Amino acid sequence: MRVRKSLSVERLACDAGLSAPRRFLVDWERVEAALGTRLPADYKEYVHWFGPDDFDEYLIICVPGVENSTTELAARLARERNGARLLTQIVPKMRARIPLFPEPGGWLPWGFTTGGDGLYWVTSGDDPDRWTIAGRPGRGTDFGYFWVFHPVLACVHLGCRRNALHFGG
């Protein structure tokens, strides 16, 4: 499934009740240098519009530079790496379910739900605007793959309806 470009972050913001961007400022050059990769343009636009917050107290999108280590982008990646490392220490035969960034094609977490589901970019290819996104359920073994990052896509696949979007605050 491909997201149509007409589904813009600005449109999502309008549907969520924002009349103007919150203008959350991020030093993207510093963030991308620290991560070791560029990030998708529509993700950066999303952060500019929404900043740190959630949709309907359910969908949380990680944002660079926030104090909450659960929702800070680089801290979330570090947390996932640490969890994978601990799992292999506890159960030596167990290997990580998914490769994490910076492994080639590694998954880079960008969001999660309060139900424990994880949302990731699959970082294959040089163009972050064409990365596949994937979802990992908090329980179970099924994985979902989608084609490009877009908050609207995440909402659609997580059961949000356009007229039922509520932006927490």
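## Helix α4 and its buried side

In α4, the buried residues (under 20% relative accessible area with a 1.4 Å probe, protein chains only; exposed means over 50%) are L73, R76, L77 and E80. Because they cover an arc of only 105° around the axis, taken from the directions from the helix axis to the C-beta atoms, they lie on the same side of α4. The face turned away from this buried side carries the exposed residues Q89 and I90.

This is a predicted model, in which local features need pLDDT of at least 70 and side-chain atom pairs count only at pLDDT 80 or more, while totals for chains, interfaces and linings use all residues. Residues are numbered from 1 along each chain as its sequence is written, and side-chain values use heavy atoms, without hydrogens and water.

## Span, cap and packing

Helix α4 (a DSSP run of H or I, at least four residues) comprises residues 73–90. Its 18 residues reach 26 Å from first to last C-alpha, close to the 26 Å expected at 1.5 Å times one less than the number of residues. At the N-terminal end, E72 caps α4 with a side-chain oxygen 2.9 Å from the backbone nitrogen of A74.

The buried residues of α4 pack against α2 (28–35), α3 (41–50), β3 (107–113), β4 (118–122) and β5 (132–136); strands are DSSP runs of E, at least two residues.

## Nonpolar cores

The largest nonpolar core (buried Ala, Val, Leu, Ile, Met, Phe, Trp, Tyr and Cys residues joined through side-chain atoms within 4.5 Å) has 32 residues. L39, Y43, F50, L73 and W121 touch the most other members. α3 gives the most to this core, with five residues. Apart from this core lies another of six residues, among them I98, L100, Y120 and V122.

Definitions and conventions: Contact means heavy atoms within 4.5 Å. A polar contact is a pair of N or O atoms within 3.5 Å; within protein, one must be able to donate a hydrogen and the other to accept it, and residues adjacent in sequence count only if both atoms are side-chain atoms.
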